[in-house]
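Here is a walk through the strands and helices of one chain fold. Keep the coordinates open as you read.

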Amino acid sequence: MDPTATTAATPTAATPGGIELEHVGKSFDGGNTWVVRDLTWRVEPGRITGLLGPNGAGKTTTLRMIAGILPPDRGTIRVGGVDVTRQPLDAKRRIGLVPDAPALYDRMTGAEFLRFLADVYGVPTAHRTRRMEELGRRLGIGDWVHSPIARYSLGLRQRLLLVGSLLHDPPVWILDEPIVGLDPEAARALKDLMVERSRRGGTVLMTTHLLEVAERLCDVVAIMHRGRLIAEGSPADLRRRFVREGGEEPAARPAAAGLPADAGLEDVFLLLTREPAPGGTDEPGPGRHAPGGSR
Ligand SMILES: Nc1ncnc2c1ncn2[C@@H]1O[C@H](COP(=O)(O)OP(=O)(O)OP(=O)(O)O)[C@@H](O)[C@H]1O
Ligand SMILES: [Mg+2]
């Protein structure tokens, strides 16, 4: 899907999905260095968006700010039109978060943990039972739900987190490295859920280092480097921008000269993130933002 060619609904207070960031900045050392720099970005509903970038690029920091668990130092973030800083509870209700380093309560059973989350989100009893069963079945939790979480394997913990993140049926699903630890069957179930939710108009935003997965699964990928978005578009669009097609003169599209015709998203990623981001400074000033199709 080409994001420049679609007419996705503009997120407003009346529509539940969509994420908007305006001039968002985050520094962990009082403003000496900026981990996220002047980030202005829209994540549209009805799509799976992949946030890609090298280790330390600022992806998790960005997701945590969107989810309202880390306050931005600059700028505003809205989820479905709701300001995450001013109306945190309202915003959080719209979000299902799968964190990368979760704190799980080892002494609880899976079922107790899920009921606890359902309480936090105020999911009615009838709904929670049905959703726990349905999601538990799809993600293959089975009878483990009655065992203490301390006995869970890595992948089973991840499956439980995935179920827990969807109990309140949020319009916005945010997943930080969700595929890590999942076996192929659970990974397929997760991908199917992501596709379903986005096709129903939900917003799905994930980070991943699995570029082959991103290339197949994501409608839009955004590449983050040193706290800035340096490219955004559908995987096919990014390829078109940076890969030289047969017979084309490099002068026509200088960026394309670097990559051979059979290059994929991984090659584009490595090309873009190999060099220091142009204009890289430790100031949070205007960043280099390349929305889909503009370059
Ligand atoms: N709580 C914190 N205190 C200080 N520095 C932090 C904190 N959290 C993150 N950072 C720094 O912010 C930068 C971005 O980290 P972040 O976790 O957002 O990267 P990432 O893109 O998610 O990387 P990865 O691919 O490894 O998950 C890193 O340099 C990291 O050391
Ligand atoms: Mg991370």
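Two strands count as paired if DSSP finds at least two bridges between them. In this predicted model, one such bridge links Glu-20 to Arg-42 in strand 2. Strand 1 (residues 19-26) and strand 2 are joined by 5 bridges and pair in the antiparallel sense.

These strands belong to an open sheet of 4 strands. Its order is 2-1-4-5, and the pairing is antiparallel. Which strands stand at the edges? They are strand 2 (36-43) and strand 5 (82-83). Each has a single partner strand, so one side of each is left without a neighbour in the sheet. Helix 1 packs on this sheet and touches strand 1, strand 2 and strand 4 (74-79). The helix direction makes about 120° with that of strand 1.

Now turn to the other sheet. It is open, has 6 strands and shows mixed pairing. The order is 6-7-8-3-9-10. Strand 6 (95-98) and strand 10 (228-233) are the edge strands, each pairing on one side only. On average, neighbouring strands here are turned by 15° against each other, direction ignored.

Look at one end of that order. Strand 9 (residues 220-225) runs antiparallel to strand 10, and 5 bridges join them. Ile-223 stands opposite Ala-231 in strand 10.

Which helices lie across strand 3? Helix 1 (residues 59-66) does, and also crosses strand 7 (172-176), strand 8 (203-207) and strand 9. Helix 1 runs at about 150° to strand 7. Helix 6 (residues 184-199) lies across strand 3, strand 7 and strand 8. Helix 6 runs at about 125° to strand 3. Helix 1 thus touches strands of the 4-stranded sheet and lies across strands of the 6-stranded one.

How values were computed. Residues are numbered from 1 along each chain as its sequence is written. Chains are lettered from A and ligands numbered from 1 in the order in which they are written. This is a predicted model: local features need pLDDT of at least 70, side-chain atom pairs count only at pLDDT 80 or more; totals for chains, interfaces and linings use all residues. Helices (H or I, at least four residues) and strands (E, at least two) are DSSP runs, numbered from the N terminus. Axes are lines fitted to C-alpha atoms, for helices over the stretch in contact, and angles run from 0 to 180 degrees between N-to-C directions. Two residues are in contact if their C-beta atoms, placed from the backbone, lie within 7 Å.
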